[in-house]
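Welcome to this structure. Here are a few notes to read alongside the view below.

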Amino acid sequence: LSLVLYFLLKFVTAAISITLPLPSGVFFPVFLVGATFGRLVGELTILLYPQSLVALEILPGSYAVVGAACMAGAVTHTISTAVIVFELTGQLTHIIPVMIAVLVANGVAQRLQPSIYDSGITLRKLPFIPDLKRSKTYAIAAGEMMRSNLFTISYHSTYAQLLQLLKDSKFQSYPLVDSPESMVLLGSVQRAKIQQLLHEYVWDIHIKQTNGGGGGGG
């Protein structure tokens, strides 16, 4: 009786905690609900088959482990809950029933409703990424869509090349490579930074040369 009351209270409180706008977690409350229900099924099995307790090794704790993995896998639509259960318990003796229960629960739950995370996205009207559908362009590689005539900057780029780069293109960012031959990507440089560099250094040098030439002529 106490186990039934605990299951009902835990089920209600878990549903309330999940729906609250607070970071209360989703996985662990569902995990406890599944463990409680599995334990309840194990206790009922012992009551129905008391003579088979020793022969078949009916352990309520084993049912609790399977129920926890089954419930968590069904709610989250993931198979990794089985691995989490093995890591928590440290035992691999229940690997077959846990895997079967998780696969069956996951398959049934996917047929009935989306996962708890997808349901939260839908209820909050957040942007939902649709599933990718196969089409004629599905097998296109990234290299087929990339441009080969790139405007790049290297350590060997001169100021004249940077000026020509800004005149020939209108991009807001340029890739920084090791050298034009190796084309090893090191990072990127913003267009505004290049313009600032040219303004600070090129024009300063030009002014200094102009002033120096005017003083010598005087």
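1. A word on terms for the sheet: two strands pair if DSSP finds at least two bridges between them, and strands are DSSP runs of E, at least two residues long, while helices are runs of H or I, at least four, both numbered from the N terminus. Please keep in mind that this is a predicted model, where local features need pLDDT of at least 70, side-chain atom pairs count only at pLDDT 80 or more, and totals for chains, interfaces and linings use all residues. Numbering starts from 1 along each chain as its sequence is written, and side-chain values use heavy atoms, leaving out hydrogens and water.

2. Start with Leu176 in β2, which stands opposite Ile153 and has Gly187 of β3 as its bridge partner. Strands β1 (residues 153–154) and β2 (residues 173–177) run parallel, joined by two bridges. Between β2 and β3 (residues 185–190) there are five bridges, and these strands run antiparallel.

3. Now for the helices. The largest nonpolar core (buried Ala, Val, Leu, Ile, Met, Phe, Trp, Tyr and Cys residues joined through side-chain atoms within 4.5 Å; buried means under 20% relative accessible area, with a 1.4 Å probe and protein chains only) has twelve residues, including Phe31, Val66 and Val102. Helices α2, α3, α4 (80–89) and α5 each give at least two residues to this core, with the largest share, four, coming from α3.

4. Apart from that core lies another, of eight residues, among them Ile153, Leu165, Tyr174 and Leu176.

5. Which residues does Phe31 touch, beyond those up to four places away in sequence? They are Ala68, Ala69, Ala72, Val85 and Leu88, with contact meaning heavy atoms within 4.5 Å.

Technical notes. Buried means under 20% relative accessible area, exposed over 50%, partly exposed in between (1.4 Å probe, protein chains only).
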